[in-house]
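Me: Happy to have you here for a friendly walk through some rings, strands and empty space. Shall we take a look together?

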Amino acid sequence: MISTNTYFPLTDQFKVSELPGDLKNGYEFVKKLTENHTTWKYYKDDEEIKEVVDAYFINLDNFLHQKLVKQHPELNRGKENEARQAAIDMIRTYVERGDTIEQLRQGQMGSHSDRYSAYIKGNKVFISELKLKKVDFSFPLQSVFNEIKYSHKKEEKKE
């Protein structure tokens, strides 16, 4: 994830001209705010500025991630089962405690660890990292939810 610690060096690794309009505007805003990429003092002093910049970081990270995966499809090769398991692991506790699929959809749910980064958006579970390496997987939330419910019922019958 992009942060104030990683942003300045990252600016040398992408072409501003290749960014979509909203990200170009964000880039120019941050460049001006940070006095040509030299200081974060205004970011740290103003909560509204911090929110705007943090949203820009998220959008830029998503854009760069999608571009990377499109350019290097081998990043995903052989990792689908691991990604599916990460999606299951992320929501298992919630499903087992009785949360409905609608509650999962409406919540702002995400998880980041050294094993995976995942989040729910709409009707999908997105996996963006596995073992700190970028990937691009998504699974239907309903499918993952049903898999957990089914396996949980099987385990209850064994007992």
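Reply: Gladly! Rings of Phe, Tyr and Trp (its six-membered ring) pair if their centres lie within 6.5 Å; planes under 30 degrees apart count as stacked, over 60 as edge-to-face and the rest as tilted. Please keep in mind that this is a predicted model.

Me: By this rule, how many aromatic pairs are there?
Reply: A pair of aromatic rings is described by the distance of the centres and the angle of the planes. Applying the rule to this model gives a count of 11 aromatic pairs.

Me: What kind of pair do the rings of Trp40 and Tyr43 make?
Reply: Their centres are 5.4 Å apart and their planes stand at 70°. An angle over 60 degrees is the cut-off to apply here. The pair of Trp40 and Tyr43 is therefore edge-to-face.

Me: And what kind of pair do Phe137 and Phe139 make?
Reply: Here the ring centres are 6.3 Å apart, with the planes at 5°. Planes under 30 degrees apart are what the rule asks for in this class. So the pair of Phe137 and Phe139 is stacked.

Me: Is Phe139 buried or exposed?
Reply: The cut-off for burial is under 20% relative accessible area. Phe137 has 9% and counts as buried. With 5% relative accessibility, Phe139 also counts as buried.

Me: Is Tyr43 buried or exposed?
Reply: Its ring partner Trp40 has a relative accessible area of 9% and is buried. Tyr43 has a relative accessibility of 9%, so Tyr43 counts as buried.

Me: Which residues do ring pairs link into a cluster?
Reply: Trp40 and Tyr43 are both members, joined with others through ring pairs. The full cluster is Tyr7, Phe8, Trp40, Tyr43, Tyr56 and Phe57.

Me: Let's turn to the strands. In what order do the four strands form the open sheet?
Reply: Three bridges join E1 to E2, and six join E2 to E3. E3 and E4 pair over six bridges. The pairing is antiparallel, and the order is E1-E2-E3-E4.

Me: Which strands stand at the edges?
Reply: An edge strand here has a single partner strand, so one side is left without a neighbour in the sheet. That describes E1 and E4.

Me: Which residue in the turn between E3 and E4 has a positive phi?
Reply: E3 and E4 form a hairpin with two residues between them. Before the turn, Leu130 stands opposite Lys133 in E4. The turn residue with a positive phi, about 50°, is Lys131.

Me: Which residue in the turn between E2 and E3 has a positive phi?
Reply: This hairpin also has two residues between its strands. Within the pairing of E2 and E3, Tyr116 stands opposite Leu130. The turn residue, with a positive phi of about 65°, is Gly122.

Me: Now for the empty space. What is the volume of the largest pocket?
Reply: Rolling a probe the size of a water molecule over the atoms shows where empty space is left. For the largest pocket, the volume is about 570 Å³.

Me: Which helix gives two or more residues to the lining of the largest pocket?
Reply: The lining has 21 residues, and Met1, Ile58, Asn62, Tyr119 and Ser128 lie nearest the centre. Strands E1, E2, E3 and E4 each give two or more residues to this lining. The helix that does so is H4 (47-71).

Me: How many residues of the lining of the largest pocket are charged?
Reply: The lining residues divide into three classes, with eight nonpolar and eight polar among them. The charged ones number five.

Technical notes: Residues are numbered from 1 along each chain as its sequence is written. This is a predicted model: local features need pLDDT of at least 70, side-chain atom pairs count only at pLDDT 80 or more; totals for chains, interfaces and linings use all residues. Side-chain values use heavy atoms; hydrogens and water are left out. Buried means under 20% relative accessible area, exposed over 50%, partly exposed in between (1.4 Å probe, protein chains only). On a 1 Å grid over the protein atoms alone, a cavity is a set of points where a 1.4 Å probe fits but cannot get out, and a pocket is an open set with protein on both sides within 12 Å along at least five of seven lines; lining residues have an atom within 4 Å of a point. Grid points are joined across faces, edges and corners, and a volume is the space filled by probe spheres set on the points. Ala, Val, Leu, Ile, Met, Phe, Trp, Tyr, Cys and Pro count as nonpolar, Asp, Glu, Lys and Arg as charged, and the others, Gly among them, as polar. Two strands pair if DSSP finds at least two bridges between them.
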